[in-house]
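Work through the exercises below with the structure in view. Try each task before reading its solution.

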Amino acid sequence: MAIILNGTTGITTPDIDSTAGFDGEDLTGDVAAARITGALNATGSAPIYACRAWVNFNGTGAVAIRAAGNVSSITDNGVGDFTVNFTTAMPDVNYSTIGMCGDLTYGSATYLEGTTYSTTAVRILTRSGYTASPATGDAAITCITIFR
Amino acid sequence: MNRIIYQTNEGGVAIIVPADCGLTIEEIAAKDVPAGKPYQIVDVVDIPTDRTFRNAWEMT
């Protein structure tokens, strides 16, 4: 259906999906792309890859998740040793794991280290200290983000 | 608030902290506990908060 301009009823826009009326699913091709990049304040033609999972948790004391997306749980395996479990699995294991940890317990540099990757979970270590082989340590603020 | 605990292959204790993801704790246990591992669902207050000897924790 074409766009119809009517002086009485206004503009009738194409309704091409199963939902009655004009909605986001009626946007296609360049129109949809322009709307999405505009909403994200993105300029240029570089593609956008969205975050597939993320979590912010407290790894000290009573370990607890502050907020998360596409994460069903974290597994506390030991000191500075956690597994992030995805609600919906990744398409493969070639995703990028990004993270940071604020180590309020030790008050020194902290490191994040991925150890085991699967489509359903990623196991990470948080390490603390300036030594050559810093020990694992719990971080009060641990944030993990997955891109694919 | 509950936690899921199970014994690791090394004899330690793994503690699963559920996220607010729309799944029940039973569904999370079925999904995130390694296959074949017995597990327990416990109250969060039953988990020690002093993690000084965390790697030495055992299930009793």
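**Exercise 1. Find which elements of chain A and chain B each supply at least two residues of the lining of the largest pocket.**

Solution. Keep in mind that this is a predicted model. Start with chain A: β5 (71-78), β6 (81-86) and β9 (121-128) each supply at least two lining residues. Then turn to chain B, where β2 (13-18) and α1 (25-32) do so.

**Exercise 2. Describe the space and the lining of the largest pocket.**

Solution. Take the space first: about 600 Å³ lies in this pocket. Next, the lining has 26 residues. Nearest the centre are A:N77, A:T83, A:R123, B:Y6 and B:P34. Finally, sort the lining by class: eight residues are nonpolar, 12 are polar and six are charged.

**Exercise 3. Find the salt-bridge partner of A:R123 and say which strands the pair links.**

Solution. The partner is A:D81, and the closest N and O atoms are 2.8 Å apart. That is within the 4 Å cut-off for a salt bridge. Now place the two residues: A:R123 is in strand β9 of chain A, and A:D81 is in strand β6 of chain A. They are 42 residues apart, so the pair links distant parts of the chain. Over all chains, the count comes to seven salt bridges.

**Exercise 4. Describe the largest cavity: what is its volume, and which residues line it?**

Solution. The structure holds one cavity of 30 Å³ or more. The largest cavity has a volume of about 60 Å³. From chain A, the lining takes A:G61, A:A62, A:V63 and A:D76. From chain B come B:R3, B:I15, B:V17, B:I47, B:P48 and B:R51. By class, six lining residues are nonpolar, one is polar and three are charged.

**Exercise 5. Explain why A:C143 and B:C21 form no disulfide.**

Solution. A disulfide needs two cysteine sulfur atoms within 2.5 Å. For A:C143, the closest cysteine sulfur is in A:C101, 8.8 Å away, which is too far for a bond. For B:C21, the closest is in A:C51, at 15 Å, again too far for a bond. Over all chains, the structure holds zero disulfides.

**Exercise 6. Name the residues that form a nonpolar surface patch with A:L40, and place A:L40 in chain A.**

Solution. A:I36 and A:I48 join A:L40 in the patch. Together the three have about 280 Å² of accessible area. A:L40 itself lies in the loop between α1 (29-39) and β3 (51-58) of chain A.

Note on methods: Residues are numbered from 1 along each chain as its sequence is written. Chains are lettered from A and ligands numbered from 1 in the order in which they are written. This is a predicted model: local features need pLDDT of at least 70, side-chain atom pairs count only at pLDDT 80 or more; totals for chains, interfaces and linings use all residues. Side-chain values use heavy atoms; hydrogens and water are left out. Patches are made of residues with over 30% relative accessible area and no salt bridge: like charges are joined within 9 Å, nonpolar side chains (Val, Leu, Ile, Met, Phe, Trp, Tyr) within 5 Å. Accessible areas come from the Shrake-Rupley method with a 1.4 Å probe; for residues, only the protein chains shown count as cover. A salt bridge is a side-chain nitrogen of Lys or Arg within 4 Å of a carboxyl oxygen of Asp or Glu. Helices (H or I, at least four residues) and strands (E, at least two) are DSSP runs, numbered from the N terminus. On a 1 Å grid over the protein atoms alone, a cavity is a set of points where a 1.4 Å probe fits but cannot get out, and a pocket is an open set with protein on both sides within 12 Å along at least five of seven lines; lining residues have an atom within 4 Å of a point. Grid points are joined across faces, edges and corners, and a volume is the space filled by probe spheres set on the points. Ala, Val, Leu, Ile, Met, Phe, Trp, Tyr, Cys and Pro count as nonpolar, Asp, Glu, Lys and Arg as charged, and the others, Gly among them, as polar.
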